[in-house]
Amino acid sequence: MKQRTIKKSVKTSGIGLHSGKRVNLEFHPAPENNGIVFRRKDKGFFPIKADISHVSKLAYATNLSKDGISIATTEHLLATLRGLHIDNIFIDIDAEETPIMDGSASAFVYLLKEAGIKEQSLERKYLRILKPKHYLNGDRRISIYPYDGFKITYTIEFDHPLIRLQTRTIELNREEDFENDVSPARTFGFLKDVEMLRKNGLALGGSLENAIVVDSDRILNGHLRFADEFVRHKILDVIGDLALLGYPILGHVVAYKAGHEIHTGLAKEIREDSDCFEIVNAGELEFIMSKQSNSKNTEPSPQFQELS
Ligand SMILES: [Zn+2]
């Protein structure tokens, strides 16, 4: 598997969920080993790499900043790039916050597919989890376990008749897994929280067009896209937040009632413990996998042991 970027530049525009500000967004091809780099076009193309070391504020979104310059609400964009297996790209925006679009990642998937995928010549690198790691805060928690693929099990629990307990496991090995099962799931919020959020300068761009809004016993904007759209959106968020580790992950993520603080907390713990992961390129990975399946095959079967 080689590293990938996009074939041509593409652009769109929208408004920031929290700032309510209009913003233009452009995706541009980037060289190998560049990673995902945001650039503030209105600040002389100031670059901020999508990296866990730049996480600043976590207020209902994951924000990055460097030298006083910020990029807000990065998670849906980052999830899309990871979901479509795009390693290297520049994301230019001309305001502080990325556009929320319809609250899901569908518009970004559509745009990036229009740009087309270009395979590069260097091999892709993966972050392979070698031992379990946990992060928790009260009853909110997340763990990651060694696994030869990328799998997420997420559980949410809300004391609300329309949500209650939702749990789902999704394997994210093919682009279609993300595109079909995760990307259409929209962000959600409770009507009772809107006033509090706005007093704090949040959700200023929020509307029935870009979030599922839940009242005490009903959804204000029509039908859900999936019966469990809420937990699928949480899966979208955690993919985006863990993309801040800089490489596609090989591991099984298990989250319960988590959020951006918990997701990025785990990412920081992983980054700080070099014993819990290794960076492998695609070629080394094939070798590891083949060694594992060989060792399985050469184990004597119970029948053989009996005969000898
Ligand atoms: Zn989200």
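Strand β3 and strand β9, the latter covering residues 89-93, run antiparallel and are joined by five bridges, in what is a predicted model. Within this pairing, H28 has F90 of β9 as its bridge partner.

Strand β3, which spans residues 22-29, also pairs with strand β2, residues 10-15, and here six bridges hold the antiparallel arrangement. At one position of this second pairing, I15 stands opposite R22 of β3. The hairpin that β2 and β3 form has six residues between its strands, and in this hairpin G20 adopts a positive phi near 75°. For anyone following the side chains along such elements, it helps to recall that in a regular strand they alternate between the two faces of the sheet.

Turning from strands to helices, α5 comprises the 14 residues 229-242, and its first and last C-alpha atoms are 20 Å apart, close to the 20 Å expected at 1.5 Å a residue. Is this helix enclosed or exposed? Because 14 of the 14 residues of α5 are buried, the helix is largely enclosed by the rest of the structure.

These elements belong to a chain whose secondary structure comes to eight helices and 19 strands. Of the 308 residues in the chain, 37% are buried. Among contacts with a separation of 6 or more, 73% are between residues 24 or more positions apart. Along the principal axes, the C-alpha atoms fill a box of roughly 75 × 45 × 35 Å, while the radius of gyration is 20 Å, which agrees with the value near 19 Å that a compact globule of 308 residues would have.

Definitions and conventions
Residues are numbered from 1 along each chain as its sequence is written. This is a predicted model: local features need pLDDT of at least 70, side-chain atom pairs count only at pLDDT 80 or more; totals for chains, interfaces and linings use all residues. Helices (H or I, at least four residues) and strands (E, at least two) are DSSP runs, numbered from the N terminus. The radius of gyration is taken over C-alpha atoms; the globule rule is 2.2 Å times the number of residues to the power 0.38. A residue is buried if 20 or more other C-beta atoms lie within 10 Å of its own, exposed if 12 or fewer, and partly exposed in between; C-beta atoms are placed from the backbone. Two residues are in contact if their C-beta atoms, placed from the backbone, lie within 7 Å. The expected span of a helix is 1.5 Å times one less than its number of residues. Two strands pair if DSSP finds at least two bridges between them.
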